[in-house]
Amino acid sequence: MGGPVSASVPGRVDVVVVGAGPVGCGLALLLGARDRSVLLLERHSGPYPLPRAVHFDDETARILQACGIGAELPALSEPATSYEWRNGEGMPLLRFETPAQGRQGWPSSNMFNQPDLEARLLEMVEGNPHVVLLWGHAAIDVGQDSGGAWVEIETVDGTRHRVEASYVVGCDGANSSVRDILGVTFEDRGFYYDWLVVDVELHEPRVFDPPNLQVCDPRRPTTAVSGGPGRRRWEFMCLPGETLETIDQESAAWAFLTPWEVRPDNATLVRHAGYRFRARWATRWHEGRIFLAGDAAHQTPPFAGQGMCAGLRDAANLAWKLDHVLGHPGAEAVLETYDQERIPQAAAVIELATELGRVICIPDEEEARVRDEQMAPLVPPGGSVPVPMMPGIAGGILAGSAMAGELFVQAIVRAEGAEGRLDDVIGPGWHLVANGQPPELDSELAAWFGSIGGRTVAIGATVEDVEGRYGRWFADHGVAGVLERPDFAIYGTAATHHEIAELVRGLRNQLDALAEAAKTADRAS
Ligand SMILES: Cc1cc2nc3c(=O)[nH]c(=O)nc-3n(C[C@H](O)[C@H](O)[C@H](O)COP(=O)(O)OP(=O)(O)OC[C@H]3O[C@@H](n4cnc5c(N)ncnc54)[C@H](O)[C@@H]3O)c2cc1C
């Protein structure tokens with residue numbers, strides 16, 4: 001097993017991340033920010049050049065902020081506030097409105113160009129002293145024993161290496177070999193269609209009204225949306241009787257664009273690519289020390305713009321848990337909650353995107369007519385519906401209190417002369433946020449909270465609530481304090497000031513109980 005160890009391939013790291021897509025890069029950066037050593041393997045010799053995702057939400061923006069690219073996000077993306085669906089006759093079927101400002105301190109909806117975002121993530125990875133990125137290095141086998149995990153690597157010239165790690169995460173995309181090696185199967189909704197994706201740069205700026213449009217025309221279901229600053233994205237469904245090969249041609253792409261007044265004299269075709277979307281998720285996302293995240297674990301129809309977002313949520317969930325167990329021997333049971341917390345949420349997102357897709361992907365005139373009739377009452381003239389809320393986490397590391405598992409908020413604060421989003425001003429990690437007076441933790445509990453990377457914040461006392469958003473949130477929800485997890489989910493809320501410390505005590509008890517239950521199970525096996 002394993003060939004010579006080259007100078008550039010470390011012998012042992014905390015975590016090997018397989019695959020340098022957005023999820024692998026995000027996870028590597030989140031672990032690197034916690035001083036964990038990471039080897040990031042990418043089988044290709046350079047970044048994947050083709051645009052795929054065009055949308056991310058405010059939670060994803062906050063994760064990207066934690067990855068260290070918050071300052072660049074406004075230049076990399078443009079906010080979207082609506083997503084309109086029309087039928088073949090141009091009549092409105094649905095209009096989703098998204099508030100300009102989301103709850104996580106970023107616009108609710110952001111349109112972007114995936115290669116530009118990945119390029120920035122890769123620059124950050126290359127500048128991170130804790131992360132080694134190796135291009136042209138494919139993971140060809142993974143394994144584990146009680147002491148750790150290992151990855152067998154093959155370089156483009158056929159050289160083999162073996163790296164030891166405490167944990168391995170397969171962020172190796174839809175055709176994940178890590179997933180295949182683990183022998184994991186899928187829950188598959190069996191919903192798939194072929195589409196042609198066309199990305200365009202217009203020579204002159206142009207206003208599209210509506211800016212983000214779904215054309216539910218049975219003659220050619222079509223998506224026409226922003227592709228990020230200076231770009232537009234069209235997606236055209238492959239109809240029955242056609243094949244992707246026949247429509248995935250430059251001439252066909254220009255022909256589809258003609259009704260949109262997009263022609264070679266006023267636009268550049270950045271790419272056209274055919275692809276088949278899937279609606280499925282792996283039934284297990286980890287085995288022992290080996291984990292799956294991103295498209296390796298789940299694939300969704302694109303209609304909710306959530307594939308990469310879900311993958312970055314996996315990274316945010318896994319990063320703090322891996323960091324915790326690496327720093328707290330005996331706490332490994334925390335990792336068991338990864339599947340419990342992430343699978344139902346990712347599955348719910350896929351179900352939602354599938355429902356949207358079933359409305360859009362109708363190439364039959366009669367079926368489309370029935371759909372239009374059924375949808376007519378949904379949007380009163382000039383009206384809109386809110387974008388469905390992402391489901392929270394149910395079960396796992398949560399208190400039993402109100403709102404546990406939902407996302408908390410992030411807003412602008414000022415402290416000691418610094419003003420900005422709260423994570424930037426006080427730092428990431430567990431946040432014990434009290435409205436008004438600082439929470440009262442005894443010194444022993446405060447020391448324990450500090451040891452897991454906890455920070456306390458008193459809105460109006462230790463930080464100024466610049467926009468009043470925290471104050472409004474506390475008033476609206478009638479609570480005095482919140483314990484927020486490092487992945488922004490609410491661990492628990494306290495109704496009164498003196499119960500706030502109990503949230504930290506409850507967390508410690510829960511983590512201790514998890515460790516104890518794992519020890520008992522070990523002894524019994
Ligand atoms: C047309 C289209 C539109 C989309 N729109 C959206 C959207 O609007 N919003 C959204 O959130 N998502 C969207 N998505 C989905 C999004 O693009 C993916 O979910 C995202 O790219 C997945 O990232 P990832 O890092 O998990 O996987 P990938 O980006 O696939 O990266 C996996 C990496 O692993 C590498 N790799 C594979 N095997 C190995 C190995 N054995 N060793 C080493 N490296 C390996 C690969 O080379 C690759 O670089 C869209 C997708 C498509 C196709």
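**Exercises: the ligand shell and Arg-342**

By class, 13 nonpolar, 12 polar and 6 charged residues form the shell around the ligand. Here Ala, Val, Leu, Ile, Met, Phe, Trp, Tyr, Cys and Pro count as nonpolar, Asp, Glu, Lys and Arg as charged, and the others, Gly among them, as polar.

The model is predicted: local features need pLDDT of at least 70 and side-chain atom pairs pLDDT 80 or more, while totals for chains, interfaces and linings use all residues. Residues are numbered from 1 along each chain, and side-chain values use heavy atoms, without hydrogens and water.

**Exercise 1.** State which residues come nearest to the ligand, and find polar atoms beside it.

*Solution.*
- Step 1. Of the 31 residues around the ligand (a heavy atom within 4 Å), Glu-42, Arg-52, His-55, Asp-295 and Met-308 come nearest.
- Step 2. An oxygen atom of the ligand lies 2.6 Å from a polar side-chain atom of Glu-42.
- Step 3. A polar backbone atom of His-55 is 2.9 Å from a nitrogen atom of the ligand.
- Step 4. For Met-308, a polar backbone atom is 2.8 Å from a ligand oxygen atom.

**Exercise 2.** Decide whether Arg-342 is buried or exposed, and list what Arg-342 touches.

*Solution.*
- Step 1. The relative accessible area of Arg-342 is 2%; buried means under 20%, exposed over 50% and partly exposed in between (1.4 Å probe, protein chains only). Therefore Arg-342 is buried.
- Step 2. Leaving out residues up to four places away in sequence, Arg-342 touches Trp-285, Ala-310, Arg-313, Asp-314 and Asn-317 (contact: heavy atoms within 4.5 Å).

Key
A polar contact is a pair of N or O atoms within 3.5 Å; within protein, one must be able to donate a hydrogen and the other to accept it, and residues adjacent in sequence count only if both atoms are side-chain atoms.
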